[in-house]
Amino acid sequence: MRQQEKDLLAGNKVLLLTGPDGRIQAASFLAIRMIGKDPSGSFISQFPGARPDLQGNTITTHVRAEGKITLCWIPISITGRKWRLGLDITAYAEKEVRLNTENAHFRELAEDKSDELMIIRRRFQEISQLATLGRMTAGISHDFNNILSSILGASQLAAIIEDEKRKAHHLDTIVTAGYRARDLIHQILHFSRPDERGFHAFSLKPLIAESLRLIRASLPAHIAVRCQNEVSDACIHGNPTRLHQLLINLMTNACHAMEDNGGILQLNIEGCTRDGAGWVRISVKDSGHGISEEIRQRIFEPFFTTRANREGHGMGLSLVREVVEEHGGLITVESSPGAGALFCIELPHAAEKEEGGDMDQRPLQGRGFVLIVEDESSLLQIFKEMVSSLGYGVHGVQDAGEALSWLRENSSLVDFVLMDYAMPGMNGLTLATQIRRLYPHPSLILTTGCPHWIRYKEIPDFILEKPFSMQELSHVLMQAGKKDAVILHAPHPEP
């Protein structure tokens, strides 16, 4: 070894001398102290615990009696030989570790806060929906009272009139009013609860019709609603509940602009194209007071509202914009003071709606024996007569305990158990679980006015939403007789 190299290795430097293969051939005293040697005198490792830095240099960490030290080895060339100069970067490395730890902590905090904000945002959206529904309550109550008036009046007339034709007419009025009441409740529940199915292809026509029925039920007489649908077969790939909320919020917002002086709410649905693809344009126009340019720039901001001294939470149009973005659509606003406002929503057109035919509306006659469990005595009697008229044998009880007691003696007779969910004591879901464990043969049908309460889908075999018609009941029993164990929410046929 040249004298110059010996002097370098003897100095107060951390130096390594490597051969062409990169193996350590010699080291300064400080370097030996850092990396150590085995008993044979060979160097233990070229670079123990090595990792690269941003420039590709090697960083190693060494544990000594004095503590842990971190070195950065920089390749250099002296007197034609390859060397590595070790720089002590312990202080910097400790800061780096601390910063990385702090950054990881801050990232974790940020993620937690992000999740928390998302939960708060979703909760506020739910509150926003309920607030919108609350503002519509007066109109909905008016419509519901009209429905009840029709039912009460027609039923009393049917009871005293002897003419069979007129009696049949009044009975038809009761049935029609009952369907209207059911549809109204269904629309309210549909608007206020989440759709667990997520995104799927669906027809826009029934969603528009349902939204119009709900908004018309809540409007005063001096606001008229008009609708023009030029693409009645339009399909959208999205979430029907979210788009229903979008329409209700847009139309409610338009009605607010006309609540003092009245006017016309115009809803138009038409086809359009973007980049050669088919889209659907939904426009909501009002004849209200209009929106100034200054306010128009802020209307989609969360919590921004011009109704500070009245009801209003500033989330309606913010939710509208969010739903549009979720569906890959576009939203525009045209308005000026005194000229009303026009909101246009454009959404991509889906190729086709989901498979599934409409239910045959005729009641189907069947065979078998049905055990009915219903705590409301009047409903129990009606359900028994409905089932009997469909050709089934029937027995009815009013609570879960009585049902289990009767099954102990008669389980071999029973093909179907039709049970209410909300019963005192043991509810229908618990009863269904016990029946399935004890008697695996019968098909289990759970009836409920709130199907979203039921979380477990394995039991029962079917869920039938109240109120249901003879047609719906007959089709469920027919499906249950085929042992096609699926969840069925009976559709709501038009009266």
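**Strand S16 and the salt bridges of the predicted model**

S16, helix H12 (residues 428–438) and S17 together form a right-handed β-α-β unit. The model described here is a predicted one, and the unit offers a convenient place to start.

Strand S16 spans residues 416–420 and is mostly covered, with five of its five residues buried. Its side chains divide between two directions: Phe 416, Leu 418 and Asp 420 point one way, while Val 417 and Met 419 point the other way, and all are buried. S16 is paired with S17 (residues 443–448) through five bridges, the two strands running parallel. Within this pairing, Phe 416 of S16 has Ser 443 of S17 as its bridge partner. S16 is also joined to strand S14 (residues 369–373), here by four bridges and again in parallel. In that case Leu 418 of S16 is the bridge partner of Ile 372.

Turning to charged side chains, a search of the whole structure finds six salt bridges. One of them joins Arg 281 to Glu 346, with the closest N and O atoms 3.1 Å apart. Arg 281 belongs to strand S11 (residues 277–286) and Glu 346 to strand S13 (residues 341–348), so the contact ties together parts that are 65 residues apart in sequence. Arg 281 has a relative accessibility of 22% and therefore counts as partly exposed, whereas Glu 346 is buried, with a relative accessible area of 10%.

A salt bridge also forms between Glu 374 and Lys 466, whose closest N and O atoms are 2.9 Å apart. This pair links distant parts of the chain, 92 residues apart: Glu 374 sits in the loop between S14 and helix H10 (377–389), and Lys 466 in the loop between strand S18 (462–465) and helix H13 (470–481). Glu 374 is buried at a relative accessible area of 1%, and Lys 466 is buried at 18%.

Helix H12 of the β-α-β unit takes part in a salt bridge too, through Arg 436. Its partner is Asp 461, and the closest N and O atoms of the two are 2.9 Å apart. The contact links distant parts of the chain, since Asp 461 lies in the loop between S17 and S18 while Arg 436 lies in helix H12, 25 residues apart. Asp 461 is buried, with a relative accessible area of 13%; Arg 436, at 22% relative accessibility, counts as partly exposed. Finally, Glu 270, Arg 274, Arg 281 and Glu 346 are joined into one network by salt bridges that share partners.

How values were computed:
Residues are numbered from 1 along each chain as its sequence is written. This is a predicted model: local features need pLDDT of at least 70, side-chain atom pairs count only at pLDDT 80 or more; totals for chains, interfaces and linings use all residues. Side-chain values use heavy atoms; hydrogens and water are left out. Buried means under 20% relative accessible area, exposed over 50%, partly exposed in between (1.4 Å probe, protein chains only). Two strands pair if DSSP finds at least two bridges between them. A crossover is right-handed if, with the strands pointing away from the viewer, the path from the first strand over the helix to the second runs clockwise. A salt bridge is a side-chain nitrogen of Lys or Arg within 4 Å of a carboxyl oxygen of Asp or Glu.
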